[in-house]
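Dear colleague,

I am passing on the structure we spoke about, with its sequence, and would be glad if you could look it over before reading my notes.

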Amino acid sequence: GAFARLSWAPAMARHHRTVADDPSVEKVSFHFKLRDGSLQTVSVPFGTSVLEAAHANQVDLEGACEASLACSTCHVILPQEVYDSGEEPTEKEEDLLDMCPCL
């Protein structure tokens, strides 16, 4: 599955919930790879962001931009076949990646 690569900061209780916790909503499960190498599996409503999923499940993920998609502290590492199945990045996405340190 896909792994979220995490930047670490002191634990904070932050929630940027944009998807309601409705039991009838389809859920998606994925794994966070933690600093110690262990995996934490989470199940969240479809449409939940990686940052929201982390904060709702007490995964220490910084999110310095407060979920505005501007800081690159929460990004996802996908298996090659999943990455290849996606659409080509837009020019705006490429521009955002150009601003990310260490990529």
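What follows is a short account of the confidence, the fold elements and the core.

This is a predicted model, in which local features need pLDDT of at least 70 and side-chain atom pairs count only at pLDDT 80 or more, while totals for chains, interfaces and linings use all residues. Residues are numbered from 1 along each chain as its sequence is written, and side-chain values use heavy atoms, with hydrogens and water left out.

The average pLDDT (the predictor's confidence in each residue, from 0 to 100) is 76 for the protein, and 70% of the residues score at least 70. Confidence is highest in β3, at a mean of 95, and lowest in strand β1 (residues 3-6), at 42. Over residues 1-15 pLDDT stays under 50, although the model has 47 contacts beyond four places in sequence for them. Where pLDDT is low, the predicted coordinates should not be read in detail.

The protein has three helices and four strands (DSSP runs, H or I of at least four residues for helices and E of at least two for strands, numbered from the N terminus), in the order β-β-β-α-β-α-α.

The largest nonpolar core (buried Ala, Val, Leu, Ile, Met, Phe, Trp, Tyr and Cys residues joined through side-chain atoms within 4.5 Å, where buried means under 20% relative accessible area with a 1.4 Å probe, protein chains only) consists of nine residues, F30, F32, V42, V44, L51, A53, A54, V59 and L61. Two or more of these residues come from each of β2 (27-33), β3 (39-45) and α1 (50-56), and α1 gives the largest share, three residues. Beyond its neighbours within four places in sequence, A53 is in contact (heavy atoms within 4.5 Å) with F30, F32, V42, V44 and T48.

Best regards

Technical notes. Buried < 20%, exposed > 50% of the residue type's maximum accessible area, 1.4 Å probe, protein only.
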